[in-house]
Structures are given as structure tokens and as C-alpha cells.
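Q: Could you take a close look at one helix of this model, and follow its surroundings outward into the packing and the charged pairs? Please state the cut-offs as you go.

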Amino acid sequence: DRKSTRLISLDGRVLDRAPRLRTAPMHRGIVLLGQDARLFPHLTARENVAFGPRAAGVSASVARSSADEWLARVGLPGAGDRRPTQLSGGEQQRVAVARALAAQPRVVLLDEPLVALDAVTASEIRAMLRERLDGVTTIAVTHDAVDAAALADRLVIVERGAVTQEGPVREVLAAPATEVAARIAGLERVVGIARGGGFEREGLRLSSTDAASRALAAVDGVPLAAVFRAADARLGEGAAATVSHLEPTPTGVRIVTGHGAAEVAPGDASGIRPGDTVLLGIDPDRVRFVAVA
């Protein structure tokens, strides 16, 4: 039997080829920044950040001096002598970011590094990563559209191990091809057909002022998806829809129906229960149509 061959290359340089070539981690030029800081508990913040350069052969004095500079860049000036147990979770993640970038990687792998942080710290680190990773090949795994828009140029949606959509971030988020992509983008996605220049689904009829959407709806019977924000949907007018459930949101209540969801103020949802019938509509300038494969 032939042995399987695996090859990993970076900028034309082969790093790994099974079974005969394996480049040591410190010489690959690749770093991983994940959800957990994973700092070395026995090292200070300075020594943690200096670890990568020192492993690559940089002198201790130069590596430590660079580490202090990186700690200052991530908002931790003067924290070099503190150990991980003396740092908060957010501070530890800042040190992890500094450690990753101090190694001067050619590729950075991000595995939801902001998921465990408070909103303010996550926003600060997101902005810093965007600035510091400019020009560095980066692969980021995230379920957050904010992370995708801030950190990436291209977006790949993976569902159950298969790629379901890919392209420039803004284009994918504006025209999600699946329900999962729509949820990531913070949009509702309802599938129907083109009818009379608009969209139709079980009594729900929508029109759009968007030129591309009108072009897609020009041929009757073509499958379409209507895409809109729940906050733009209106109750009390439009098509009848059955309420499946209600979800509290930070600003109100999301009323989920078979025709998508409407997000309303808490008072507007008073008295509405699962199984009730409501009227749901969306203004033409608030909805877009996208093709369904």
C-alpha cells in the first residue's frame, strides 16, 4: 500500500511532509492564539512574551526588552514582573496576544481568542489585532460577525465539516446563503419563490426597492430568500404568521414565527404567546432578495 503524503508549505518553503520532514515548532513562523491564554504559570508576563523570540535564538536581554515594549502595546506597561496568577483573565489574554505577536509570526491562527473577554476588553484587543496583523496571513475561527468584519478580508462559512459559502466578508454577511450564515450576520432569512416581481411564501408577499433584488424576482417561480433584520420587521400589518416562541434580547423581545422574526420593545410583546397568530410585514427598503442554490 502506498503511504499517504501530507505536505504543508508556507511562502514556498515546505514545513512538513509526511513521513520524512518535520520542522520544529519554533522554526515554523506560525503561532496559535486560542480562547485560553495558556500562559506558562512559572514564568512572569515578561518571560512569557520573551519565550518565542528566545526560542528562535534572540538573546535574553533583547527578547526581554522587546517583551516590555509589547506589554506596553497591549495596555500592560509595567506588568512584566507579574505572574499569571496575579493577572485577571483579560490581562492574561493581553499577555497571550503580546506573546503571539512578539514571535513575529508569518501566520497567525486565531481560535475565538476574544470569546471569554468582557465587551470592552474584547473591543480593545480586536482593534489591536486588526492593526498589528496587517500584512500577516491570519486564519480566524469565530461565530461572531463583529470579529469577522474587524479581522478578516474573506469569510468562509463551514457547516458540519463542509464549506457552504465563501467570499469577501461584507458580501457574505449581506447575502447569507444558509440559515447559519444568516444567524452569524444577525439577519433573518426566509425562503420562498419569485412571484409578480416580488417574494412570496405561504401568504407572505414582500417587495424590495433594491435593484439587484428586483432583477432576481423578475422570473416567476425562481427560488428566493428574503433577508432582513428582525428589528426592521413590523407587527400588526402584512401576512398572518404563527408565533413559535419568544426570545428576550438586550433591547427587547424577538418574536419568532414561520415567516421570520420581529424584534420589538418589551411592551409591544405583552400578551403574545406561542401559538398566537400575528401579522408580520417589512418595508420594501428594508428587505433584500438573494438567490437560493
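A: What follows starts with helix α2 and moves from there to the core, a buried arginine and the salt bridges.

This is a predicted model, in which local features need pLDDT of at least 70 and side-chain atom pairs count only at pLDDT 80 or more, while totals for chains, interfaces and linings use all residues. Residues are numbered from 1 along each chain as its sequence is written, and side-chain values use heavy atoms, with hydrogens and water left out.

Helix α2 covers residues 60–73, 14 residues in total, and its span of 20 Å from the first C-alpha to the last is close to the 20 Å expected at 1.5 Å a residue. Here helices (H or I, at least four residues) and strands (E, at least two) are DSSP runs, numbered from the N terminus, and the expected span of a helix is 1.5 Å times one less than its number of residues. The buried residues in α2 are A63, A67, W70 and L71, where buried means under 20% relative accessible area, exposed over 50%, and partly exposed in between, with a 1.4 Å probe and protein chains only. These four lie on the same side of α2, because they cover an arc of only 100° around the axis, the arc being that of the directions from the helix axis to the C-beta atoms. An α-helix has 3.6 residues a turn, so residues three or four places apart point the same way. The cover over the buried residues of α2 includes α1 (45–55), α3 (89–102) and α4 (119–132). Just after α2, G75 adopts a positive phi of about 90°.

L71 also belongs to the largest nonpolar core, which has 32 residues and in which V49, L71, V95, V97 and L129 have the most contacts; such a core is a set of buried Ala, Val, Leu, Ile, Met, Phe, Trp, Tyr and Cys residues joined through side-chain atoms within 4.5 Å. At least two residues of this core come from each of β4 (30–33), α1, α2, α3, β5 (107–111) and α4, and the largest share, seven residues, is supplied by α3. If neighbours within four places in sequence are left aside, V95 is in contact (heavy atoms within 4.5 Å) with L39, A45, N48, V49, L71, L76 and L87.

Among the elements that cover α2, α4 holds R126, which counts as buried because its relative accessibility is 12%. Again leaving aside neighbours within four places in sequence, R126 is in contact with L114, D144, V146, D147, A150 and L151.

Returning to α2, E69 forms a salt bridge with R73, with the closest N and O atoms 3.9 Å apart; the term means a side-chain nitrogen of Lys or Arg within 4 Å of a carboxyl oxygen of Asp or Glu. E69 and R73 are four residues apart in helix α2, so about one helical turn separates them. E69 is partly exposed, with a relative accessible area of 43%, and R73 counts as partly exposed at 37% relative accessibility. By this rule the count comes to 18 salt bridges. Another of them joins R82 and E91, whose closest N and O atoms are 3.2 Å apart, and R82 counts as partly exposed at 29% relative accessibility.
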